[in-house]
Every structure is written in structure tokens, then in C-alpha cells.
Amino acid sequence: MLKVKHYQPSYRPDVDGLRAVAVLAVILYHGGLKALPGGYVGVDIFFVISGFVITSAIQPDMAAGRFLVRDFYERRIRRIFPALFAMVAASLCVGCWVMMPDDLKRLGQSSVANAVFASNFFFLKDSGYFGATAAAKPLLHTWSLAVEEQFYLLLPLYLVLLKRWSEPVMRGLTVGLSVASLMLAVVATRYEPNISFFMLPTRAWELLAGVMLAQGMLPAPRSVRGEWLRAGVGMGLIAFALVFYTEKTPFPGLAALPPVLGAVLIISAGLRNARGVNVWLSSKPMVFIGQISYPLYLWHFPLLGFAGYMSLTGLGVAQTVAVNGVIVLCALVSWRFVEQPIRQRRVLAGQRLMFAFGVACIAVTLLAGLLIHFGRGFESRFEGDRQKIVRAMTDRIANKDACMNFAPDQISKGELCHLGVEDMSQTDVVVWGDSHAEALAPGIADMAANAGRSALFAGQHGCGIGLHFQETGWSDRACVAFSKAMLAYLMTTPSINKVVLVSRWSSLRAPPLQAPAKSSPASVTAAQALGQVVAQLRMAGKQVWLVGPVPDVKTLVPRALYLKSMGFAQDFEIRQSLAEYVEIQKNTLAVLRHLAEQPGVSLVLPHERLCQTAWCDVAQDGYPLYFDDNHLSTHGAKIAAQVLAPLFK
């Protein structure tokens, strides 16, 4: 029988150096270094190292018959819990000071998810890893720790099971699981990229790569040249991913192969001797950074996140350097005074004490997170104008989403949302649009109710009004189906004689394109598609009301007003000037005004109510007019919708 030579563990300074590469890549990426747009692959390098180191530590005990699962979990608790839960506790304290209730509530929820090792599940449903909203998610980075913790729960049981079988079976099963996980990641990255990014089944192959390496499935190089070549190729693969990957790279999938394979090659190159790249990785500076890589990883994201949260203009170079200095300081303090005393058993030396400590960490952060969640982010912290500000983030239509994303069969039956008075017998108005229509709906409902009238409303998130939006990115099937269903319903319902079209109109901002004589659906511009809808509605005898775009704002309005009230970013101008609005919306307004020249088509402009000076208001009487950076709050909708007063006369 073929014997697999398992790697016998001894301290590998070059592996610590590889940890340094991984953590520096992640920190520089999150710090906004444009030279490393693929820095997020540092996490994949960590996964390989983790699988290698943990398996290398377990196998000798298993071979000697002294492996105990409880001892393994005790070591994991000593390694992971102290610094992790210290960071979580500090983040909750800072969050209670600086965050708005909605954001603090989500932080509390993420604390609960972290406590039960399910951060990856929580952030999977909370939109994703990339994007500007990451500043409001200080614990987003714990998703990778959750993946590792879930892996640690399974790995000892898996290795104990494999011990009962022959080594060829063991090797084949591990390789088979790795291939299956990789193939699943490839498929999921194409069809469900967030699931592929956050879930253990699609990440397991990266950890298993380290497991296979520790099990001796990749022999050590046989020559000095082989060591140099393997390490050089490995570092080249990692460098390629760091430099050429971006947030748009389909990931993980096959794109994760270069950094994973690179880490495997570098670790395997040093199985016998440290040469070339491995010598550099074994240098004292790299080893030291690797030794504190865990606290560096833990502290970097919340500190950068909170700094970004409090900055309305984004972090400059000097600010980023200062924050990174604080990150290093927190990591050193955490490593020296939190991690080391517990890992070296100077504190909590007994196993029972360690397990009790672990349970206490889980319980405290779990209960704190639940208290924040059920306390609605401690809204009671705020009074007066600040209370008006913080409530604006939820100041939107009461039955949010109830009026959106109707199925075509619902639309054909007229099962739309009601606005205004309950008596629908005299309804002759339908509002059709996207999320901007949903935001304006409370104002329309208020106008209708004051006139003793009612209206119907249906919307589709992110769906421009029209049937042919291929060129401008609106080819989503649900959007096309919704548009067709709405148009068919309006064309076949004689009682509806007024149609209000509301949209962000982003697709109209580009200069109109001249369509060819014989246009195909793919060549029809957004302006032409809108024109087709208006023309068909007019032919059916409908009056068409076009509602112009509201001004965009430079940042989240409630958060900006709140932070300004706390003394931050006093010189930052939240508002958009009227001149800037007109310039940005120049093409949009031209298209809408051109359509309004036709009989039966009216154009109303909400900005005339919002921009009554040289600036477009973002708050009135202390109430924010937006709940984010482009959607009107209920208060703002009631002001902007006044332009539709003639509709209900």
C-alpha cells in the first residue's frame, strides 16, 4: 500500500511571513490603495494557511493516539476568542456613541451572528462584501472567521473518520471533496455570487488545499532549483491576483485558483528548506507582522469602518495613515495584553475556566446584540432635532415594498396598491414607476386624501419605464415583464384616464442617441422607449403626467445631518446647488420637456419645490427630506408632491 508522508509540524517562520502578505494585502485594499485592487484575496491565502496549520497540529496527536476533540476546541478558543470578542465589545461601545439607530441595530444583529458563528449567513442576506455601505458594517470582516469556525467544527470529525480508512481512500475522498467544492464555487459564482463568496461549501476547497498539503499530497521539491521555482511561481500568482483583480472580477470561482495555488506552492517550497521567497518571508519584520496578523485583521476593518462612517468626504491619505497607526497600536495591545497571557496560560490556565470564558464571551456579545436589536438601536439616546434626523432613515411609505414588484397576473387583475381615501369607486389615477415613485407615494397619498380622492400605484425596484432598455442596462426580465403588464393593464382599463410616470430617469441623463432607420430592440434608447410608452398611452386616451427627477445628494442625508450635529465635517456641503442639478439633469429635462410638448402630456418638476433658492434643500424645520442620498423621505415627499396638486382637482 502506498504510504503518504504526512508533514511533521515544526515552527515555520515563512508561514508567518505569508500571513503578513495576506493581512497587509487585505488592510491596504480596505484602506483604498488603488495599486492593489485585488487585495481581498488575502483572505483566500489565510484559508490555505489555516487548513495547513490546523491539520499539521492535529495529525501527530492522532497518530500517537492522544488526540482529544475537547483539547482541540480549547486551543481554538484560546487562539480565537480573546481578541475577537474584545474587538466586538469595543465596536459595540463605539457604535453606541457614533452610529444612528438603524445602523447600530444592524451592528447589534451582526454581534449576535458573530456570537453563534454565523456572520457569513448574516452578511449574505445583508447585500454583500463590496460597496460603499461597508462603512456601516464594522463586523463585516468576521464572515471569514465564521467560515473558518464552521470548518473547525467539522475538521476533527472528518480526520477521525479518515483515520479508520486506508490512506488511498483518505486521499481520494479529500481530493473529491475539494474538487466538488471548487465546482460548486464555479457554478455559484456565476448564478449566485454572494452565496459563493460567503458560504463554507464554496470556500471549503481553499481550506482543504491546506489540509491536503499537510497530509503530504504535494511532495516537497527535490532540488534547490525546485524550491526557488515553486516559491517564485507561487508569489507571482499571488501578485497577479493582487494587481489585476478588481471588485468586478467574478469571485471566488476559478478566479480564486491563482492565490490559493500560489499559497500552496509557497508553503510547499519551504517544506525542507527556506530559500528565495521563503527566506524573505522568514525575515524578522515579516514574521512579526505575521505573528500579529490576527489582531491586525480583527481591528483594521472596524477602525477603518468607523473612520469612514464619521467622514462625509472619505478618508484622505493623512487620515488613512493615522487610522492605520491606530490599527497597529490596537493590534499590538491586543496581542500583548489579551492574546498572549491566555495562549501562554498565564491567565485562565485550566480547561474548564477556558470553556467558561468562551461561553461568557458568547453570552455577553449575544445578549448585548439582542438588547441593541430589540432596543431599536437605542433611539432614546436622541432628543429634539436629532430625533427628527435619526427617524428619517425609516421615514418612508408605511407599507414599504407592499406596492412594489407585483407579478404580471396581479397587475392584469388590477390588484395594485391604494393611495389616498379608502373609497376606490372614483379612482381614475394610476402611478407607475420605480423606487423613486415608491418614495414619492406618501406625498401623492396625502394629496389624494386631502382632495377626497384615491389612486392606484405599482412599482418595480430599479426598473426604468419602457419596454426596450437593452442599451442602458434595463434588460432585466422581471422589469420587462412588469413594464409589459402595466402597459397592457392601462391600455385595457378605460376607467383609468390619468397615468403618472415617476422614475429616477438615470437612463435619460446621457445625450439621446440617433436610432438607425430600422431599429432593433437592442438599439432603442431609453428616451425612445419612454416615448413609445407615452405615445401608446396617449393613443388609448390617457392623460400622461411626467414627474421630473429629484436632486441627488452627495451622501446619506440623515447620517450627514446627524454627524454634523455632533461636530464632524462642518465644512462639508450636503446640498446640491440648483445650477449643479440643472447641469446634471440637462439631458433628462430636455427629453421630458420634449415629450410634454405633446397634447395630453404634462410635466411637473419636484425640484421647483425643493430648490426655491440657489440650493436644493435637504431638510426643512429640522426634518430631513431624504432617507438616503436620492430617495425622498415621507416629509420630503409631501413637499415635492405638491407639484401634483392639479392632478386631483
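In this predicted model, W432 of strand 2 stands opposite A458 in strand 3. That pairing is a good place to start, since W432 also has a partner in another strand: L501 in strand 4 stands opposite W432.

Let's widen the view to the strands themselves. Strand 2 and strand 3 (residues 454–459) run parallel and are joined by 4 bridges. Strand 4 (residues 498–502) runs parallel to strand 2 as well, with 5 bridges joining the two. If you follow the chain between strand 2 and strand 3, you meet helix 19 (residues 435–450), and these three elements make a right-handed β-α-β unit.

Now look at the side chains of strand 2. V430 and W432 point one way, while V429, V431 and G433 point the other way, and all are buried. Buried here means under 20% relative accessible area. Because 5 of the 5 residues of strand 2 (residues 429–433) are buried, this strand is largely enclosed by the rest of the structure.

Elsewhere, the second largest pocket deserves a visit. About 1,200 Å³ of space lies in this pocket, and 39 residues line it, with R19, V53, R76, R79 and R343 nearest its centre. Several helices each supply at least two residues of the lining, among them helix 1 (13–30), helix 3 (69–98) and helix 15 (317–343). Helix 2 gives the most, with 11 residues. As for chemical character, the lining of the second largest pocket divides into 20 nonpolar, 8 polar and 11 charged residues.

How values were computed: Residues numbered from 1 in each chain as written. Predicted model: local features only at pLDDT ≥ 70, side-chain atom pairs only at ≥ 80, totals over all residues. Heavy atoms only, no water. Buried < 20%, exposed > 50% of the residue type's maximum accessible area, 1.4 Å probe, protein only. Pairing = 2+ DSSP bridges. Right-handed = clockwise from strand over helix to strand, strands pointing away. 1 Å grid on protein atoms, 1.4 Å probe; cavity = no way out; pocket = protein on both sides within 12 Å on 5 of 7 lines; lining within 4 Å. Points joined across faces, edges and corners; volume = space filled by probe spheres on them. Nonpolar A, V, L, I, M, F, W, Y, C, P; charged D, E, K, R; others polar.
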